[in-house]
Amino acid sequence: MNAPQAKAGPPFITDDPEPVPLHHWEFYLASRLEHESAGTTATLPEIEVNYGVIENVQFHAIFPLVLNSPDGGDTEYGYGDTEPGFKFRFMQESEKSLMVAIFPHFSFEPADARFNSTCGMD
């Protein structure tokens with residue numbers, strides 16, 4: 001007998017279910033690039049901050065500077081979408097179970113709509 005198969009489609013967005021330890025910080029400096037026939041978009045740079053607020057809960061935020069360079073148009077650079085959120089681990093790993101967490105986050109668009117993209121990777 002064959003096991004049933006699950007069917008799913010992109011996007012597959014995953015993250016480590018383990019939050020930052022209580023009262024600890026994580027800082028990341030990164031960049032993303034997306035090039036299509038219509039042009040290029042990049043975050044140059046983006047800063048990610050994570051903080052262990054309470055046991056099993058971390059606060060998360062991304063602050064990007066965005067470069068928009070459409071083919072045949074003017075290149076623009078400015079502040080992009082701010083991404084706040086939190087990660088909540090509600091199941092610890094054990095011999096009989098996996099570690100499981102939820103990680104809801106959302107975006108705030110900047111006042112200047114020219115920079116409301118974070119490389120199309122929302």
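Which pattern does the protein chain follow when it is read along the sequence?

1. In this predicted model, the protein chain follows the pattern β-β-β-β-β-β when read along the sequence, and the count agrees with that reading, since there are six strands and zero helices in the protein chain.

2. Turning to the chain as a whole, buried residues make up 29% of its 122 residues, while the surface that the protein chain exposes comes to about 8,600 Å², with carbon and sulfur atoms supplying 60% of that area. Among the contacts between residues at least 6 apart in sequence, 50% join residues that are at least 24 apart.

3. The pairing of strands can be followed from β5, to which strand β3 (residues 57-70) is joined by six bridges, the two strands running antiparallel; within this pairing, Gln 58 has Lys 87 in β5 as its bridge partner. Strand β6 (residues 100-102) also pairs with β5 in the antiparallel sense, over three bridges, and here Met 91 stands opposite Val 100 in β6.

4. A residue worth following in the structure is Thr 82, which lies in the loop between β4 (76-79) and β5 (83-91). Is Thr 82 buried or exposed? Its relative accessible area is 18%, and because buried means under 20%, Thr 82 counts as buried.

5. As for the surroundings of Thr 82, its side chain is joined to that of Tyr 79 by a polar contact of 2.6 Å. Leaving aside neighbours within four places in sequence, Thr 82 is in contact with Ile 62, Phe 63, Phe 106, Ser 107 and Phe 108.

Key:
Residues numbered from 1 in each chain as written. Predicted model: local features only at pLDDT ≥ 70, side-chain atom pairs only at ≥ 80, totals over all residues. Heavy atoms only, no water. Helix = DSSP H or I, 4+ residues; strand = E, 2+ residues; numbered from the N terminus. Buried < 20%, exposed > 50% of the residue type's maximum accessible area, 1.4 Å probe, protein only. Contact = heavy atoms within 4.5 Å. Areas by Shrake-Rupley, 256 points an atom, 1.4 Å probe, with all protein chains shown as cover. Polar contact = N/O pair within 3.5 Å; in protein donor to acceptor, adjacent residues only side chain to side chain. Pairing = 2+ DSSP bridges.
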